[in-house]
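Biologist: I'm new to this one. Could you show it to me and explain the terms as we go?

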Amino acid sequence: MDKNTKKVIAASYIGYVTQAIVNNFTPLLFVFFSGEFGVSLEQVTLLITLNFSVQLAVDLIASKITDRIGYKPLVIAAHFFAAAGFAGMGTLTLLPDPYAWLLVSSVLFAIGGGLIEVIISPIVEACDTDEKSGAMSLLHSFYCWGQVFAVVVSTLFFFVFGIENWRIMAVIWAAVPLFNTFFFAGLKIKQLNPEGGTVKVRVLAKKGLFWLLVVMMLCAGASELAMSQWASAFAQSGLGVDPTIGNLAGPCLFAVFMGSARAFYGKFSAKIKLEKFMLLSCALCIAGYLTACLSPVPAVSFVGCSAVGLSVGIMWPGTYSIAGARLPVGGTAMFALLALAGDLGCLSGPTAAGFISGATDGRLQTGLIFAAVFPLLLGIAVLILHKKTEKN
């Protein structure tokens, strides 16, 4: 690779670290916000809904405008919005009605996170790399490392300087996307299908393969988030550890295993058949969910939770890679719509698990057993895709 391509990929890695900070910094403060701002937990929960709802809207809008505007202006705007959101979170909340300003800041960095999710994958897909699926998997591993980075650094900061100084940490986090704004500004970024050989969304929607990929993305997002959102609760209720340790051990170990799987495939992708690797991952994911929920030994349950993290690593980037290879004329609109489907899965997976748990006297195991249906459906979709390929 030439120097510019290497820098573009490095900037893309930082982009996914930024998205991880967007999604994982604020949840560390939910309980503290409830006390400091005098708001209910329902109002605090609105921050989650607002974040993902804005990202969904951005996914949809980006599918219509990205190819016309181009990658570079949008990726620069994405990091600017993320930086503005964190800076606003650390400064505007000092004004009267801090909760309202917190909502405003959340919208700003959610716009940035949504654009990053839509833009970064096609930017890397357009780069001249030897192994596309491996490059995509390695790219997505940086979301996992970013999640660990955000949780560990923030938690250590709160431990040393006190959680009441969270505004300083928010401003510090603004430096990451701000740096990447200028990094991307100095690079040449290739466009997917620059000759205009992309199909319109309505044409894409008529293709059965596209809808199969949509199902795969939705199930990938649901399989991942159903467990990761409840990982901390599993660490605390399953192992009986301190809540602070649980908040670190649960999400961080899940992210480490997920990132390791993506880095592994990124390293050895040339020697591994993607579809078979995804099928094995689906089987491991189902086994991990069932082990976590049905084992009478808490430590074994936690191993099952970690196994889910290992298994879901390839699902999201693997589906992106299959889409890029099987529907190359889909362009950025296809990546945006697949991101939309993935985000819908990120909402539906943990929500379904939570509602089912609530309907069964708060038994989290029951809700997570149901969540095993998502990797099962994903595995069926991969089998259908494989049979279509063999037939063709």
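Modeller: Sure, let's start at a helix end. Asp-2 caps the N-terminal end of helix 1, with a side-chain oxygen 3.0 Å from the backbone nitrogen of Asn-4. This is a predicted model: local features need pLDDT of at least 70, side-chain atom pairs count only at pLDDT 80 or more, and totals for chains, interfaces and linings use all residues. Residues are numbered from 1 along each chain as its sequence is written, and side-chain values use heavy atoms, with hydrogens and water left out.

Biologist: How do you know that the span of helix 1 agrees with its number of residues?

Modeller: The expected span is 1.5 Å times one less than the number of residues. Helix 1 (residues 3–24) has 22 residues, so 32 Å is expected, and its end C-alpha atoms are indeed 32 Å apart.

Biologist: What makes Asp-59 buried or exposed?

Modeller: Buried means under 20% relative accessible area, exposed over 50%, and partly exposed in between (1.4 Å probe, protein chains only). Asp-59 has 0%, so Asp-59 is buried. Its place is in helix 3 (residues 41–69). As for helix 1, 16 of its 22 residues are buried.

Biologist: Why are helix 5 and helix 15 called oblique?

Modeller: Angles under 35 degrees count as roughly parallel, over 145 as roughly antiparallel, 65 to 115 as roughly perpendicular and the rest as oblique. The axes of helix 5 (residues 98–126) and helix 15 (residues 331–359) cross at roughly 130 degrees, so the two helices are oblique to each other.

Key: Helices (H or I, at least four residues) and strands (E, at least two) are DSSP runs, numbered from the N terminus. A polar contact is a pair of N or O atoms within 3.5 Å; within protein, one must be able to donate a hydrogen and the other to accept it, and residues adjacent in sequence count only if both atoms are side-chain atoms. Axes are lines fitted to C-alpha atoms, for helices over the stretch in contact, and angles run from 0 to 180 degrees between N-to-C directions.
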